[in-house]
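Student: I should like to study one part of a protein model closely. Please show me the sequence and the structure, and I shall then put my question.

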Amino acid sequence: MAADPKPIVCGALDSEEVATLPERLRSQLGGSAAGDDEWLVIRASWPLTDVVHRLNKLGDAWSESAVRVNPGEDLRQLLTRLLAPRQDVDADLALDNFALRQEYLEETRMLTAKQIHGMSGVRSSNPSEPASRWKKEGKTFALRIQGRDLYPVFQFQDGAPHPVVKDVLATLPAGMTSWQKAFWFASGNGWLDGDEPQDRLGDGEQVIEAARQLAEPAHG
């Protein structure tokens, strides 16, 4: 039976103790102790380098975004990934994907069902209408964020779904998740001369053809 790993041991350094560290180490870690910086000496019986690298990636995405993607569940999963074995490709991909989602939410205007209800002119006491119906009919897609659906604004024109969006969504591979659809619409596409599909909805047939190229398997 394998022995349990020894706990991580750390100790805090005050500014005077930081000043006694070797110059090379102080330079590598950012100079002298100042402001609210916290200096720690850490000893562990297992490699921490990859964990620190992943933690920095997670910290960048988490601190720069005011919008969280399913915060509780995502954080639990990401903390598990942080402690994954070295060279765990899936762990790195999970962190990268988390950062991409945060970046997307920061850069893309989103609409709630209530906002769509207001701009649609639909006379209904149900604030989820007509957004939920349009999503069910395949006229739009939504991202599930913190327990509610948010709709990327590019899908709408004059208070209603852009007529091309339904055809594009129907053409994309059936197994695509909502996030994969969002990234596809927001990514440069070679079939559209490098433009993002969401910026070329006025060229309906071309965007549909670009979606068809993704859906059709490559031959050769």
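Which side chain of opposite charge is nearest to lysine 181, and how far away is it? Please set the answer within the surroundings of this residue.

Tutor: Please keep in mind that this is a predicted model. The nearest side chain of opposite charge is that of aspartate 149, and it is 12 Å away. Lysine 181 is buried, yet it has no salt bridge. A salt bridge requires a side-chain nitrogen of Lys or Arg within 4 Å of a carboxyl oxygen of Asp or Glu.

Let us begin with the lysine itself. Lysine 181 belongs to helix α9, which covers residues 178-185. When residues up to four places away in sequence are not counted, lysine 181 touches Phe141, Leu169, Leu172 and Met176.

One of these contacts leads to the core. Leu172 is among the residues with the most contacts inside the largest nonpolar core, a group of 24 residues. Tyr104, Leu143, Val168, Trp184 and Phe185 are also listed there. Two or more residues of this core come from each of α5 (89-107), β4 (143-145), α8 (163-171), α9 and α10 (204-215). The helix that holds lysine 181 is thus one of the contributors to this core.

Phenylalanine 185 repays attention as well. With neighbours within four places in sequence left aside, its contacts include Phe141, Leu169 and Leu172, and these three residues are also touched by lysine 181. Phenylalanine 185 is further in contact with Phe154, Val168, Glu196, Pro197, Gln198 and Leu201. Apart from the largest core lies another one, of eight residues, which include Ile116, Ala131, Tyr151 and Phe156.

We may now turn to aspartate 149 and its strand. Strand β5 covers residues 148-152 and pairs with β3 in the antiparallel sense over three bridges. β5 also pairs with β4, again in the antiparallel sense and over three bridges. Together they form an open sheet of three strands in the order β3-β5-β4. The strands β3 and β4 stand at the edges, each with a single partner strand, so one side of each has no neighbour in the sheet. On average, neighbouring strands of this sheet are turned by 45° against each other, direction ignored. In general, the strands of a sheet pair through backbone hydrogen bonds, either parallel or antiparallel.

Individual residues show how the strands are matched. Aspartate 149 in β5 is the bridge partner of arginine 144. In the hairpin of β4 and β5, two residues lie between the strands, and glutamine 146 takes a positive phi near 50°. On the pairing with β3, leucine 111 stands opposite tyrosine 151 in β5, while threonine 112 has leucine 150 as its bridge partner. Most of β5 is covered, since four of its five residues are buried.

Threonine 112 offers a further link to aspartate 149. This threonine lies in strand β3, which covers residues 110-112. Leaving aside neighbours within four places in sequence, threonine 112 is in contact with Arg148, Asp149 and Leu150. Threonine 112 counts as buried because its relative accessible area is 16%, and the cut-off for buried is under 20%.

A helix accompanies this sheet. Helix α6, residues 113-120, packs on the sheet and touches β3 and β5. The direction of α6 makes about 85° with that of β3. In the loop between α6 and α7 (131-136) one finds proline 130. A cis peptide bond joins glutamate 129 and proline 130, with omega about 5°. In general, most peptide bonds are trans, and most residues other than glycine have a negative phi.

The loop between α9, the helix of lysine 181, and α10 contains aspartate 193. Aspartate 193 has a positive phi of about 60°, although it is not a glycine. Its relative accessible area is 70%, so aspartate 193 is exposed.

Finally, the whole chain gives the wider setting. The protein chain has 10 helices and seven strands. Of its 220 residues, 32% are buried, and lysine 181 is one of the buried residues. Among contacts with a separation of 6 or more, 59% are accounted for by residues 24 or more positions apart. To return to your question, the buried lysine 181 has no salt bridge, and aspartate 149 is 12 Å away.

How values were computed
Residues numbered from 1 in each chain as written. Predicted model: local features only at pLDDT ≥ 70, side-chain atom pairs only at ≥ 80, totals over all residues. Heavy atoms only, no water. Buried < 20%, exposed > 50% of the residue type's maximum accessible area, 1.4 Å probe, protein only. Lys, Arg positive; Asp, Glu negative; His and termini not counted. Contact = heavy atoms within 4.5 Å. Core = buried A, V, L, I, M, F, W, Y, C linked by side-chain atoms within 4.5 Å. Pairing = 2+ DSSP bridges. Axes fitted to C-alpha atoms, helices over the stretch in contact; angles between N-to-C directions.
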